[in-house]
Amino acid sequence: MGQSRSGQRKAAVHVPHPGPASAGDRSGLEADCGSCFGLCCVALPFAASADFAVGKDAGEPCRNLRDDFGCGIHSRLRREGFAGCTVFDCFGAGQKVSQITFGGRDWRRAPDSAPSMFGVFPVMRQLHELLWYLTEALALPAARPVHEGLRAARERTERLTLGTAQELTALDVAAHRDEVNVLLLRASELARAGARDRGAGRRRNRRGADLLGADLRHADLRGANLRGACLIAADLRGADLRTADLIGADLRDADLGGADLTGSIFLTQAQLNAARGDAATTLPAALARPSHWRPASPSR
């Protein structure tokens, strides 16, 4: 957690005030760890498990956090037993809290700010995640009937991110998420309608389904609703997931070898990083192929 793409720290920079964004504009919604005070490495707890070699409490700095807030094992996180760090995404919340909410004052030089800063970070992360989804929804042509509502929700969410530390910690972020989710669900329904109408098998609603370890090889899941589905260790090799809604789907250790994820809705980089795939997996243009994926899928 808290790693930069290069593993090197940069001098803290000013994060620009988020003005009106165009559809698809995700500036400020990608982690810039060089402008963050290692918040995910301190504020969040994690338990010793297959994802983390050791556990720690919330507010306790990770043992790998350097004095300059960089990660001491960034280049070998998986080898050192910290795979969980490689699948975490703050959606740019870290630099927003560090540089905007707290004006560049870090918790080491201003220890009195630490409790508030660590409390604000999880709230900001949820708001930035919503901004990520709202921005994607606004880029869906089929969701045009709800674009006005989506724009209003994005503007309101952006305003909330600029609140004071006290306002952010007092925010009922769950209630705000529920309001936004109504719009995201409608956008998803509109975007998936064409795929669902082309075949009965694609109309199946698998929202929140328990598909742990399921054999879904070459499954036709075009336009499927997989929101919040448990797909841990599922075999999705060769599956067609075009225009499937994957918001909140748990893809940990799911095999996506050769799967087609073109146009999948609300898929994030963190979900891909948690899964397994290969060179034949087709991804949305906005997402990158994880470096740990294999070059080719084994035949079965």
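Is Phe-91 buried or exposed, and what is its relative accessible area?

1. In this predicted model, Phe-91 has a relative accessible area of 2% and is therefore buried, the cut-off for that class being under 20%. The residue belongs to the loop that joins α1 (83-86) to α2 (93-101).

2. The surroundings of Phe-91 can be listed by residue. Once neighbours within four places in sequence are set aside, its contacts are Gly-28, Leu-29, Glu-30, Arg-125, His-128, Glu-129, Trp-132 and Thr-268. As for Leu-127, 36 residues separate it from Phe-91 in sequence, and the C-alpha to C-alpha distance between the two is 9.0 Å.

3. Arg-227 is a second loop residue to consider, placed between α6 (173-197) and α7 (269-274). Its relative accessibility is 5%, so Arg-227 also counts as buried.

4. With neighbours within four places in sequence again left out, Arg-227 touches Asn-181, Leu-184, Leu-185 and Ser-188, among others. The remaining partners of Arg-227 are Arg-207, Gly-208, Asp-245, Ile-247 and Phe-266.

5. Regarding secondary structure, the chain contains 7 helices and 0 strands. The order of elements from the N terminus is accordingly written α-α-α-α-α-α-α.

6. For the chain as a whole, 51% of the 300 residues are buried. Among contacts with a separation of 6 or more, 49% are between residues 24 or more positions apart. The exposed area of the chain is about 13,600 Å², of which 52% comes from carbon and sulfur atoms.

Notes:
Residues are numbered from 1 along each chain as its sequence is written. This is a predicted model: local features need pLDDT of at least 70, side-chain atom pairs count only at pLDDT 80 or more; totals for chains, interfaces and linings use all residues. Side-chain values use heavy atoms; hydrogens and water are left out. Helices (H or I, at least four residues) and strands (E, at least two) are DSSP runs, numbered from the N terminus. Buried means under 20% relative accessible area, exposed over 50%, partly exposed in between (1.4 Å probe, protein chains only). Contact means heavy atoms within 4.5 Å. Accessible areas come from the Shrake-Rupley method with a 1.4 Å probe; for residues, only the protein chains shown count as cover.
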